[in-house]
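Please open the model in a viewer and keep the sequence panel visible. The tour below proceeds from the whole chain to single residues.

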Amino acid sequence: MTKTILSAKWVLPITDPALKNSGVVVEDDKIVELGSAEELTKKYPDAVVRDFGRAIILPGFVDLHTHLEFSAMRGLCEDLEYTGWKLQLTKKIKPLVFDDWLVSARLGAIEAAQSGITTITDMTGTGASLKAAKELGLRGFMLYELSGMNPNLIKSVMDKAKQTVSKWQEETDGSLLQIGLAPHSTYSVNPRLIKEVGDWARTDKLKISIHLSGSKDEYDFVKYGSSRLAGAYRDLMGWSDHLWQPTGASPVKYLLQWGLFDNDVLGVHCVYVDEEDMSALKDHDVAIAHCPRCSAKLAMGIAPLRKYLKLGLRVGLGTDSPASNNTMDFFDEMRIGLLLQRAANHSVTENESESFIKLATYGGARALGIEKDIGSLVPGKQADITVVDMSHSHQRPLTDPYSALVHTANQEDIMLTMVAGKIIYSGRKTIGPDTEEILQKIESVRSKLR
Ligand SMILES: [Zn+2]
């Protein structure tokens, strides 16, 4: 196959120093070489050259936590704290059928591509996210979501999960997607079900992700059996007849007691944690999906990111879908994440912009355990690449490409998104799905959400 040289004013390999006036040679699904654009064009005279000019080439973003199928709920439940948002969302989505979820997931996949996201970790109950991600050619983990507090239904929930997971494994065989499990959260999954999911994941070597210690309400529910998650939410879900006893433990310690952390686990949010919780997460090598914008918007708090990094935990960033976050703009995620840490800690850390770009790329790959394949621009790795236009007036002049990306770029500045050498977004267009058709259909899905 012909080689392609992607060149631009700056190339950020992430695990190596930034390069100027350089290029990345791509062949099939892999990165072949990095170097000066001039020398690469001389060395490979037959290569197709795409020069992006005043732009930055970097690895594609790794979204550690999203729900593509929740894109139709953008702006649906506004100005609410977490539990109020969750209650309203749960009520409003009831009329949707699979075709609606699929339109919604396709909108999410388009947005991921146009935001420079190349890998997603998606929690899905319907499988619509899986279909949309596969159609577009995104890489990632599709995690089957399980929930239920009714002890009498554990067997049927597990039977359905096993059937669905084996079907999904067949459907994704040979694709860039892997299947895992997502027990939804501590407040929505019976502890015996958590135990069974953990045992299953250990036997079948499946990745687990779980919403973990995101809010004070969740903490109070688990430890004291209180908060609206113990009252209004359980009433809404029809679980109020099933006993829930306060455990006296934090959500992290509670999951530890039920053996969940003896697995490959990605905890989502991890905002409401104490020092002991953080040590437990470190001891069990639990990876963290840090979702700063969602946590701030739903008044959940600010996760202790700097402490996680100091402890050496595997951390990356997640958008948590437009239902809570309104967009999947990864620049917003980096920018707001960085600003919140500075505001909360009253200090600036060394090379902080660079470290947020690393979280968004290599950090995410490491959190997923796939940093050998993606997350940085290195010969031999998969060609998962994004290109960001830096030519606009709001981006000039430019000295430091890292801080410029974090503080001046937006998802509209993405010029190209490539996954495994295949272009999925270029020239303001997603390659494949008919965006206009999806945008029309999304309005009728939205009209069902009242
Ligand atoms: Zn979520």
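The stops that follow say what to select and what is to be found there.

**The whole chain**

Begin with the entire protein chain, bearing in mind that this is a predicted model. Colouring by secondary structure shows 17 helices and 17 strands. Along the principal axes, the C-alpha atoms fill a box of roughly 70 × 45 × 40 Å. The radius of gyration is 22 Å, which agrees with the value near 22 Å for a compact globule of 450 residues.

Next, display the surface. The accessible area of the protein chain is about 17,700 Å², and carbon and sulfur atoms contribute 50% of this area. Of the 450 residues, 58% count as buried. Among contacts with a separation of 6 or more, 75% link residues that are 24 or more positions apart. If the charged side chains are then shown, there are 52 positive and 58 negative charges, and their mean positions are 1 Å apart.

**Helix H7 and its surroundings**

Select residues 216–224, which form helix H7. Which residues of this helix are buried? They are Asp217, Glu218, Tyr219, Asp220, Phe221 and Val222. Now add the elements against which these buried residues pack: helix H2 (82–92), strand S10 (208–212), helix H8 (232–237) and helix H9 (251–257). Just after H7, select glycine 225, where phi is positive at about 70°.

**Leucine 256 in helix H9**

Remain with helix H9 and select leucine 256, which lies in it. Is leucine 256 buried or partly exposed? Leucine 256 counts as partly exposed, because its relative accessibility is 31%. Leaving aside residues up to four places away in sequence, leucine 256 touches Phe261, Ala280 and His284. A distance may also be drawn from leucine 256 to aspartate 277: the two are 21 residues apart in sequence, and their C-alpha atoms are 9.6 Å apart in space.

**Serine 295 in helix H11**

Move to residues 292–297, helix H11, and select serine 295 within it. Serine 295 counts as buried, since its relative accessibility is 3%, and the cut-off for buried is under 20%. What does the side chain of serine 295 reach at 2.9 Å? The partner is the backbone oxygen of cysteine 291. Beyond residues up to four places away in sequence, serine 295 touches His269, Val271, Met300 and Gly301.

**Two positive phi values on either side of H13**

Select serine 321, in the loop between strand S13 (315–317) and helix H13 (322–325). Its phi is near 75°, a positive value in a residue other than glycine. With a relative accessibility of 2%, serine 321 counts as buried.

Then go on to asparagine 326, in the loop between H13 and helix H14 (330–345). Asparagine 326 is not a glycine either, yet it has a positive phi of about 70°. Its relative accessible area of 23% makes asparagine 326 partly exposed.

**A cis peptide bond**

For the last stop, select arginine 396 and proline 397. The peptide bond from arginine 396 to proline 397 is cis, with omega near -10°. Proline 397 is located in the loop between strand S14 (385–389) and helix H16 (401–408).

Notes: Residues numbered from 1 in each chain as written. Predicted model: local features only at pLDDT ≥ 70, side-chain atom pairs only at ≥ 80, totals over all residues. Heavy atoms only, no water. Helix = DSSP H or I, 4+ residues; strand = E, 2+ residues; numbered from the N terminus. Rg over C-alpha atoms; globule rule 2.2 N^0.38 Å. Buried < 20%, exposed > 50% of the residue type's maximum accessible area, 1.4 Å probe, protein only. Contact = heavy atoms within 4.5 Å. Areas by Shrake-Rupley, 256 points an atom, 1.4 Å probe, with all protein chains shown as cover. Lys, Arg positive; Asp, Glu negative; His and termini not counted. Charge placed at Lys NZ, Arg CZ, Asp CG, Glu CD. Polar contact = N/O pair within 3.5 Å; in protein donor to acceptor, adjacent residues only side chain to side chain.
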